[in-house]
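Please open the model in your viewer and keep the selection panel at hand. The stops below go from one residue outwards to its surroundings.

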Amino acid sequence: MSSAAPGSSRPTSARSSRSSGLAAGGTVFAGVMMLVDGVLGVLQGIMGLAKNHVYVSTPSYVFRFSLTTWGWIHLLLGALVALIGLAVLTGAAWARWTAVGLTALSVVAQFMFLPYYPLWSLVTLAIDVFVIWALSRYRD
């Protein structure tokens, strides 16, 4: 007879199995979202480099960089996020923790980019937070 968790009618082994399955599925989803987020970051960077007038200019913003600089930041960060997302999909343990750090860096960059493209930055922030949660939750 298996023991049930306090306050639950389900055995602990069934709960942990379901929880690890959810986290494993979340890890695959996080890897795919990193690929998508990385490709979109590259495109966002290309837009900033090719057409500076695509983004709104904010003259009195504290974290003001030229839009060309933001283009390079998004291009390089997007490429790194996509590559690490691919490594996450291969199941490499080092890739999960590298992805958490890189995604945290992406959260900071998107927060700083909020005045230039608010809706896009908020969507990317939400994706990044989910990716960090999914990769931090997974245990072998």
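In which helix does Ser121 lie? Select Ser121 and you will find it in helix α4, where helices are DSSP runs of H or I with at least four residues, numbered from the N terminus. Residues are numbered from 1 along each chain as its sequence is written, and side-chain values use heavy atoms, with hydrogens and water left out. This is a predicted model, in which local features need pLDDT of at least 70 and side-chain atom pairs count only at pLDDT 80 or more, while totals for chains, interfaces and linings use all residues.

Ser121 counts as buried because its relative accessibility is 0%, buried being under 20% relative accessible area with a 1.4 Å probe and protein chains only. Show its contacts (heavy atoms within 4.5 Å): leaving out residues up to four places away in sequence, Ser121 touches Gln110, Phe113 and Leu114.

Now select the whole of α4, residues 118-137. Its buried residues are Ser121, Thr124, Leu125, Asp128, Val131, Ala134 and Leu135. The 20 residues of α4 should span 28 Å at 1.5 Å a residue (1.5 Å times one less than the number of residues), and its end C-alpha atoms are 29 Å apart, which agrees.

Move next to Val131, which, leaving aside neighbours within four places in sequence, is in contact with Ala30, Met33, Met34 and Thr103. Val131 also belongs to the largest nonpolar core, a set of buried Ala, Val, Leu, Ile, Met, Phe, Trp, Tyr and Cys residues joined through side-chain atoms within 4.5 Å. Of the 17 residues in this core, Met34, Ile84, Val88, Ala99, Val131 and Leu135 touch the most other members. The elements giving two or more residues to this core are α1, α2, α3 (93-113) and α4. Apart from it lies another core, of six residues, including Tyr55, Trp70, Met112 and Phe113.

Then select α2, where the 24 residues should span 34 Å at 1.5 Å a residue and the end C-alpha atoms are 35 Å apart, which agrees. Just after α2, Gly91 takes a positive phi of about 95 degrees.

Finally, colour the chain by pLDDT, the predictor's confidence in each residue from 0 to 100. The mean for the chain is 81, with 76% of residues reaching 70 or more. Confidence is lowest in helix α1 (residues 12-50), at a mean of 76, and highest in helix α2 (residues 67-90), at 93.

Notes: Buried < 20%, exposed > 50% of the residue type's maximum accessible area, 1.4 Å probe, protein only.
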